[in-house]
2 protein chains.
Amino acid sequence: MKYFYSWFLFLSLVFASTAQEIHWENTAPGVWKGTLGEAEKYNLLTASGAIPNFTALTKLGKPPFPMSKDKISGRLQDGKTYLQLPLIKGEEIYGFGLNFKTIHQRGRILRLHVDHYGGQDNGRTHAPVPFYVTSEGYGVFINSSRYLDIYAGSGSRLDSDNPAEALDRNTDPLWTATPYSDAVEILIPAKGVEFYIFAGPSMLEAIQRFNLFNGGGPIPPRWGLGFTQRVHRLYDQKQVLAEAEEFESKGYPLDFIGLEPGWQSKSYPNTFAWDPTRFPHPEKLIQQLKDKNISLNLWINPYVSPEADFYNTLKPYYGSHTVWAGAVPDLSIPEAQALYWKTFNKEHVLPGVSGYKIDEVDGYDRWLWPDVARFPSGLAAEQMRQTYGLLVQKQSSQLFRDQNRRTYGLVRASNGGGVSFPYVIYNDYYDHRDFITALINSGFSGLLWTPEARASKSAEEWLRRFQTVVFSPMAMINAWASNTKPWSYPEVAEEVKEMALLRMKMMPYWYSAFADYHFEGIPPFRAMQLESGFTLKPQGPKNELTDLEENPYEEAIKKEITDQYMAGPSLLVAPLFAGEKSRSVVLPKGNWYDFYTGIYVGNGEIITVEGRLDQIPVFVKDGGIIPMMKSRLHAPGKGERYDLEIFHYGEAPSHFSLYDDDGISYDYEKGHYSWREIKVFKGSDEQWKGSISPAKAQKPNNIENIRWVFMTEGNGKNPLK
Amino acid sequence: MKYFYSWFLFLSLVFASTAQEIHWENTAPGVWKGTLGEAEKYNLLTASGAIPNFTALTKLGKPPFPMSKDKISGRLQDGKTYLQLPLIKGEEIYGFGLNFKTIHQRGRILRLHVDHYGGQDNGRTHAPVPFYVTSEGYGVFINSSRYLDIYAGSGSRLDSDNPAEALDRNTDPLWTATPYSDAVEILIPAKGVEFYIFAGPSMLEAIQRFNLFNGGGPIPPRWGLGFTQRVHRLYDQKQVLAEAEEFESKGYPLDFIGLEPGWQSKSYPNTFAWDPTRFPHPEKLIQQLKDKNISLNLWINPYVSPEADFYNTLKPYYGSHTVWAGAVPDLSIPEAQALYWKTFNKEHVLPGVSGYKIDEVDGYDRWLWPDVARFPSGLAAEQMRQTYGLLVQKQSSQLFRDQNRRTYGLVRASNGGGVSFPYVIYNDYYDHRDFITALINSGFSGLLWTPEARASKSAEEWLRRFQTVVFSPMAMINAWASNTKPWSYPEVAEEVKEMALLRMKMMPYWYSAFADYHFEGIPPFRAMQLESGFTLKPQGPKNELTDLEENPYEEAIKKEITDQYMAGPSLLVAPLFAGEKSRSVVLPKGNWYDFYTGIYVGNGEIITVEGRLDQIPVFVKDGGIIPMMKSRLHAPGKGERYDLEIFHYGEAPSHFSLYDDDGISYDYEKGHYSWREIKVFKGSDEQWKGSISPAKAQKPNNIENIRWVFMTEGNGKNPLK
């Protein structure tokens with residue numbers, strides 16, 4: 001009995017001893033840092049070097065701490081840090097980076113781990129950003145470079161204030177496989193952690209604060225919003241030029257061409273040197289393309305072939321393990337960075353290459369360095385894995401920044417802290433629906449994602465895929481393996497061309513949306529849940545277990561809306577997928593109008609859209625203003641003037657802030673940009689009128705003439721063609 | 001420049017400083033323990049309490065350390081322990097517990113984590129035993145209760161003696177996505193580890209040593225090898241009895257009945273109390289079944305309903321988190337064990353229940369306690385997860401041992417250390433082929449597995465499934481949800497009955513096979529790779545990447561033999577699956593004979609077997625002796641005598657060690673068993689003859705008459721019916 005009590009005392013000790021105080025700091029208006037234990041120095045923010053935009057954060061106001069601080073608790077246990085954040089009944093959770101199948105995250109268990117996406121939303125993804133927002137209007141960011149175990153409202157604690165109720169599975173129809181949980185619980189494998197709380201009061205504002213705290217989104221060079229074709233991996237210099245000419249002659253827009261692995265003398269691992277047979281005169285090619293207003297992007301992965309010129313120089317800085325027998329530079333070390341990027345600068349950037357596609361910085365485990373690898377900086381393999389995507393984005397974009405040239409490239413991995421990098425994430429997974437879900441989720445986590453088109457089983461699928469890249473951060477065909485062209489499916493070649501031209505036409509709208517991302521933190525592509533008036537929650541079957549026979553514990557998947565999203569301030573995009581003749585669209589409250597005709601379609605209801613092959617269903621909210629330009633084959637160059645066509649939809653007077661700058665440099669960071677206020681209103685004659693404020697003196701002003709189109713006044717004909 | 005060198009020195013320091021000496025100890029003949037750093041006290045062997053069988057290990061001989069010790073290295077890094085073991089070219093790896101799809105493990109990456117099997121062999125499985133053997137004839141066991149990261153020959157190190165070669169993916173057809181790796185690398189999240197090396201020289205001997213080091217396999221009570229039916233979850237007492245009677249009247253064998261959750265007043269979480277409506281007189285039921293020679297097994301999961309009698313008593317010993325709102329007892333604490341099992345003993349074991357089916361001790365994450373949970377013992381949630389299956393097996397089987405009664409039950413999780421527990425693993429996954437692969441893999445890791453039949457889409461599938469459970473450690477139908485009976489598919493009801501009777505007929509063979517498991521560590525069910533003369537290696541396509549378009553990194557799956565296995569000393573089982581009219585069978589070198597007819601079928605070749613609906617293809621190696629008894633409905637009871645029918649196959653004279661004991665108690669541990677030597681040889685008259693040595697005085701001797709059947713002398717007719 002004595003033994004019993006001594007145990008008991010010991011137990012109480014174990015349970016109590018490790019609770020830890022959280023140190024709070026108000027780091028910016030609406031942003032609080034909590035620190036627990038000894039947080040590691042190398043984290044997502046130090047790896048990315050993200051610099052908060054305090055000016056923009058201040059503009060957003062000074063809301064109070066969005067919950068009761070004493071509901072947040074943590075402790076050290078088993079050499080790790082445990083963090084607990086509260087949830088209330090009905091509170092929905094979104095975020096945790098680039099998920100491909102689900103939007104609602106409450107109840108899910110994730111191990112955030114940078115990786116190739118393996119077909120399950122389990123935290124292994126290209127950008128498993130440890131940031132979430134909830135429908136209660138706040139955000140939480142765990143600034144850790146470790147693999148994080150997240151229980152997003154799945155664990156039920158004995159000590160809960162709202163404990164789950166024990167029911168009888170034998171006969172109680174209310175029994176559930178997933179009892180109630182009142183907390184997000186996180187395990188950080190480190191002796192401490194710092195984390196941030198972002199106030200709302202709306203989810204969108206919490207996200208804006210997160211994005212601005214990370215420096216705001218990038219503004220791509222204007223050409224980055226044009227069309228891009230990635231050519232076959234074994235193309236040579238002549239074929240690249242011929243392809244550019246073919247786009248021109250066929251009348252398809254083209255702003256930049258991407259070269260795939262074959263531009264190098266050897267790849268996987270890489271020499272980073274032009275292949276002398278396929279690309280004997282790269283500088284000439286760059287100039288010839290430039291003359292056609294076309295930029296050039298180069299595929300790389302970062303792993304160094306023993307045959308690379310600088311292989312030996314970098315030897316002290318390689319990790320213990322190789323990737324495809326290539327050495328892995330420890331890019332967290334300044335000396336390694338300097339030695340490594342020197343070649344890129346000299347051989348690619350200075351001669352005029354416009355950007356990179358940085359492959360294979362995500363995973364998967366079978367190819368990347370293992371978790372047992374060591375790095376000369378002393379960082380753990382896990383930390384390197386979580387941040388390598390950030391490091392290559394930061395360091396490569398700096399090469400262009402040093403030339404005061406913007407870049408816009410592709411990358412396969414990112415993480416928290418990477419909001420401001422001018423990179424769009426892509427991967428090898430190719431499920432069209434899941435690509436759209438990823439696009440939706442990207443907006444919760446400060447990410448950009450392209451649902452690239454590569455090839456298709458049918459002309460219909462080709463067109464449907466193409467329609468969605470046009471409504472994404474990067475309008476791209478990746479033909480590295482397939483050699484597909486926009487016109488490869490003759491049955492839809494004209495429809496594809498029209499879509500590509502629509503992308504160009506909408507460039508002013510997209511450009512302003514990205515400026516909103518940069519200056520206000522508003523994601524250009526984002527979930528319906530961030531749109532006010534959208535209240536639909538996931539629908540679950542009452543009995544969550546599907547099949548007692550085949551798998552008695554398989555849970556039914558809750559139905560949620562994973563296939564429609566907001567693009568820019570006013571557009572609701574509801575893609576059609578191959579084989580679909582019609583689809584339903586959930587309209588938030590407020591009047592909505594057809595993008596192509598201006599016709600009213602509904603208000604706070606679920607409508608059915610009859611599909612047209614040549615159109616992707618797009619809807620505009622009441623008062624939506626879409627500034628467009630004439631269709632063109634290339635983005636306007638620096639100082640090039642263009643005419644504006646301003647489209648207004650619906651019955652509401654409204655306004656739109658039109659952004660402009662030189663389109664290619666970082667001068668906007670020094671104030672060389674303009675915001676011009678577009679207003680649409682009804683005059684005393686009850687006729688729609690529009691006005692635009694002048695550009696301020698010395699500020700960019702590229703607009704020549706303006707045409708106003710009041711769509712809902714129209715005859716229902718499509719004036720966008 | 002100075003900075004550069006200081007970095008360089010620092011780096012060398014980081015790389016060198018943490019290498020760690022391994023302390024070696026020869027713990028038993030052919031078994032060595034290596035210790036690195038401070039190994040944790042709570043590990044798989046302390047959790048399971050496994051006691052090595054030194055006598056049997058000594059009998060196996062004293063081979064030398066099976067490799068060069070200096071090829072094994074390790075170090076502490078990032079607060080974890082890193083272990084590296086060598087591989088040579090062509091060396092194949094097997095093991096790592098209950099994998100369902102693959103047998104060869106070289107090149108794979110696993111995170112060993114007790115869990116529900118999720119359809120991928122990634123280390124998350126019901127028994128992710130950290131033990132592997134290689135074709136070089138040795139075994140390695142990591143005695144850790146942590147989640148282990150295993151790189152089983154996948155990482156390529158810069159410092160390798162056999163480094164992978166950098167090739168050019170652009171144009172070199174020899175380029176591979178998976179370059180050569182010369183080591184197994186393991187990350188143990190602890191400040192040290194102990195691990196064991198088991199000598200061969202054959203793989204089977206290494207496995208025998210591993211099994212014997214863990215105490216040897218269990219010998220089930222004789223009834224445990226009979227047939228078992230798990231009845232519908234809401235059956236009441238009368239229905240159970242009626243079912244037993246129906247088996248009897250229809251002539252189907254039945255040795256034990258399993259009750260599913262509805263025997264309890266409440267389940268998920270559990271009261272562990274008989275439901276007063278469905279089971280008003282459990283002791284009477286137990287007696288009525290006993291009178292019919294039928295035992296009773298009870299389903300449980302370990303989680304305690306607040307309505308359980310002892311809920312409050314155990315309060316100091318619950319973990320922080322609940323499972324279906326049930327409390328999780330910390331069964332690593334002796335006081336908790338005593339309080340917890342008291343009820344089981346009093347209410348179930350003492351009244352005569354024969355065993356348990358212990359569910360839900362595996363996962364998955366959505367239901368089990370999260371990794372953030374705390375336990376009063378101070379063990380981490382992760383340690384509890386890895387060992388809970390061991391704890392419940394050990395503690396529940398002890399209840400029966402205390403009564404000197406053997407038990408034979410089911411469990412959903414096990415781990416290294418659990419070899420000797422009388423439990424068979426099962427799960428909810430229901431792919432028939434994968435179930436057979438699991439059966440094959442179970443033999444590499446000291447596990448028993450049943451490919452239980454539950455229900456089927458067709459009569460053919462029902463029969464095919466039934467045929468495989470008959471050639472497995474537990475011949476079971478689990479009708480908890482389906483209420484299926486052996487005769488539920490009338491088209492095959494007779495064939496099913498014949499199979500069930502064959503199981504009974506073969507009982508002496510199975511019983512001796514389990515005795516070999518116990519006394520010599522030879523797995524009763526095991527892979528072809530453990531059979532001498534089987535040399536087939538997996539066949540891989542040259543270009544391992546399958547589809548550049550849909551997923552350019554998807555690897556082709558290597559073809560390996562995952563559907564045939566050895567059962568007992570002489571039988572090769574090659575199941576047919578629903579829809580198969582024929583199949584190929586890989587015969588090891590040596591002559592092989594058809595089980596049913598004794599006809600020669602081949603030698604070291606791949607044969608095609610034309611399927612018969614009523615037979616599962618089984619082959620016997622040359623000289624194979626299969627001792628059988630007459631078909632019967634229940635296993636012989638204690639002291640019950642029976643006739644033996646000894647079948648001999650092929651051309652080779654041979655012998656077989658026949659085991660016998662009282663069939664129900666642990667008296668065999670005190671020497672109360674007999675081994676009788678069966679010999680088959682050709683007499684001077686060139687006629688086959690058989691002999692059997694007498695049982696020693698005072699040793700069990702249950703055999704009455706013996707009939708000899710020389711199958712290959714026969715007329716090709718099937719005498720087994």
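## Exercises on a predicted model

Over residues 78-146, chain A is 0% helix and 41% strand, with end C-alpha atoms 16 Å apart. The structure is a predicted model.

**Exercise 1.** Find which feature UniProt lists for residues 78-146 of chain A, and describe the span of the C-terminal feature, residues 559-626.

*Solution.* The UniProt record, an unreviewed entry, lists "domain: Glycoside hydrolase family 31 N-terminal" for residues 78-146. It places "domain: Glycosyl hydrolase family 31 C-terminal" at residues 559-626. That second span is 0% helix and 44% strand, and its end C-alpha atoms lie 32 Å apart.

**Exercise 2.** Give the strand order of the seven-stranded open sheet in chain A and explain why β1 and β8 each have one side without a neighbour.

*Solution.* Step one: the order is β1-β4-β5-β13-β11-β7-β8, with mixed pairing. Step two: β1 (19-20) and β8 (124-125) stand at the edges with a single partner strand each, so one side of each lacks a neighbour in the sheet. Step three: β1 pairs with β4 (residues 73-77) in the antiparallel sense over two bridges. A:Ala19 has A:Arg75 of β4 as its bridge partner.

**Exercise 3.** Characterise the contact between domain 1 and domain 2 of chain A.

*Solution.* Start with the bounds: domain 1 is 17-213 and domain 2 is 502-537 + 551-721. Each domain contributes 17 residues to the contact. Next, the buried area is about 1,400 Å², 56% of it from carbon and sulfur atoms. A:Ile103, A:His104 and A:Leu204 supply 33% of the area that domain 1 buries against domain 2, more than any other three residues. Finally, count the polar terms: zero salt bridges and four residue pairs in polar contact. On the domain 1 side, helix α4 (residues 203-213) gives the most, with six residues.

Terms used
Residues numbered from 1 in each chain as written. Chains lettered and ligands numbered in written order. Predicted model: local features only at pLDDT ≥ 70, side-chain atom pairs only at ≥ 80, totals over all residues. Heavy atoms only, no water. UniProt positions renumbered as here; feature names shortened; annotations may be inferred. Helix = DSSP H or I, 4+ residues; strand = E, 2+ residues; numbered from the N terminus. Pairing = 2+ DSSP bridges. Domains from an automatic or database assignment. Contact = heavy atoms within 4.5 Å. Buried area = accessible area lost by both parts, 1.4 Å probe. Salt bridge = Lys/Arg side-chain N within 4 Å of Asp/Glu carboxyl O. Polar contact = N/O pair within 3.5 Å; in protein donor to acceptor, adjacent residues only side chain to side chain.
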